[in-house]
Amino acid sequence: MSTLVLDGVSRWFGNVVAVNNVTMTIAPGVTGLLGPNGAGKSTLIHLMAGFLAPSTGTVTLDGQPVWHHETIYRQIGLVPEREAMYDGMTGWEFVLANARLHGLADPESAARRAVETVEMTGPSDRDIGTYSKGMRQRIKMATALVHDPPVLLLDEPFNGMDPRQRLQLIDLLRTMGASGRTVLFSSHILEEVEQLAGSIQVMVAGRHAASGDFREIRQLMTERPHQYTVRSSDDRALASAIIAEGGASGVRLERAAGAGSSDGAGSSDVLHVQASDYSRFVRALPALAAKLDIRLFAVIPADESLESVFSYLVDR
């Protein structure tokens, strides 16, 4: 098992600071690198892969510097976002050439396994220039896997893939992460990161904004109001009690859709609460309900998705 460590890493191009004093650890398993376009994700991946030298700081793999370290390069597989490829070659020739460049003992067998892994056996005898974007992504994935590296770095790997291809790649990355490989993929699509990554690193404007799984990141933001939708046996009485308790900065009652007669499941109102103090609210709500003999039917976080977390990190 391999671990990538970035310690105080910055990278600038002239007067442009692309990555600014980033410190993070990428451990075995699947890690998502989340951020908007221009956040520095691609630059960070190229630093991890040894394609760029840090302007300051260090990038190490199991304690060894990545930059200018040929042995380390053989332990890393990279799927770049850029589309530039050798369109006059077939997919098979491209993967085989990479296997030979790695000096593998049996490059043909290694290339065959990699092509099979990404389900490109059939189209592998076609010129890359005839491939769809999704097929190009998969053949790039095969070249990254051909030398069986313990570390896999993927820059926006789901771009251009159809739903079936995306599911196949998600399953493949999950399997690799579960087997002990260190897999990092970047994305600006929140659903991909939330569904696949066990750990998330968030980049915003070249800096490291947060890390953890998406719920852990969300709970760190105690200064940001949390939104809840509440259904109870007496929403109006509960709303008054929440206001009096002081843990909420806003409470709003809304008539439930289709309301007009009692359905036996409590009031026909829906209570929306903006909790200014997350910890205080989650402790106080059940106590208030018990004190007033009010039954709670539903307490639903309205902004617990990774999209909410990401929006907050970008805007703060």
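This briefing describes the strands, packed helices, one loop proline and the salt bridges of the structure above. The model is a predicted one, and the values given here are computed from its atoms. An open sheet of 6 strands, with mixed pairing, runs in the order β6-β7-β8-β3-β9-β10, and helices α1 and α6 both pack on this sheet. Elsewhere, strand β13 is joined by bridges to β11 and to β12, and the count of salt bridges comes to 7.

**The open sheet**

- The order of the strands in this mixed, open sheet is β6-β7-β8-β3-β9-β10, and its edges are formed by β6 (76–79) and β10 (207–212), each of which pairs on one side only.
- Neighbouring strands of the sheet are turned against each other by 15° on average, with direction ignored.
- Within the sheet, strand β7 (residues 151–155) runs parallel to strand β8 (residues 182–187), and 5 bridges join the two.
- Leu-154 has Phe-185 of β8 standing opposite.

**Helices on the sheet**

- Helix α1, which spans residues 41–49, packs on the sheet and touches β3 (29–34), β6, β7, β8 and β9 (199–204), while its direction makes about 155° with that of β7.
- Helix α6, which spans residues 163–178, also packs on the sheet, where it touches β3, β7 and β8, and its direction makes about 125° with that of β3.

**Strand β13 and its partners**

- Strand β13 (residues 269–275) is largely enclosed by the rest of the structure, because 6 of its 7 residues are buried.
- Strand β11 (residues 226–232) runs antiparallel to β13 and is joined to it by 5 bridges, and the bridge partner of Val-230 in β13 is Leu-271.
- Strand β12 (residues 248–255) likewise runs antiparallel to β13, with 7 bridges joining the two, and Arg-255 stands opposite Asp-269 of β13.

**The loop between α4 and α5**

- Pro-123 is found in the loop between α4 (107–117) and α5 (133–145), and, when its neighbours within four places in sequence are left aside, Pro-123 is in contact with Tyr-131 and Met-135.
- From C-alpha to C-alpha, Pro-123 and Ile-139 are 9.7 Å apart in space, and they are 16 residues apart in sequence.

**Salt bridges**

- The side chains of Arg-164 and Glu-119 meet in a salt bridge with an N to O distance of 3.2 Å; Arg-164 lies in helix α6 and Glu-119 in the loop between α4 and α5, so the pair ties together parts that are 45 residues apart in sequence.
- Both partners of that pair are partly exposed, Arg-164 with a relative accessible area of 47% and Glu-119 with one of 40%.
- Arg-181 forms a salt bridge with Asp-148, their closest N and O atoms being 2.7 Å apart, and this pair links distant parts of the chain, since Arg-181 is in the loop between α6 and β8 and Asp-148 is in the loop between α5 and β7, 33 residues apart.
- In that second pair, Arg-181 is buried, with a relative accessible area of 17%, whereas Asp-148 counts as exposed at 54% relative accessibility.
- Arg-252 forms a salt bridge with Glu-254, with 3.0 Å between the closest N and O atoms; Arg-252 is partly exposed, with a relative accessible area of 44%, and Glu-254 also counts as partly exposed, at 35% relative accessibility.

Methods. Residues numbered from 1 in each chain as written. Predicted model: local features only at pLDDT ≥ 70, side-chain atom pairs only at ≥ 80, totals over all residues. Heavy atoms only, no water. Pairing = 2+ DSSP bridges. Helix = DSSP H or I, 4+ residues; strand = E, 2+ residues; numbered from the N terminus. Axes fitted to C-alpha atoms, helices over the stretch in contact; angles between N-to-C directions. Contact = heavy atoms within 4.5 Å. Buried < 20%, exposed > 50% of the residue type's maximum accessible area, 1.4 Å probe, protein only. Salt bridge = Lys/Arg side-chain N within 4 Å of Asp/Glu carboxyl O.
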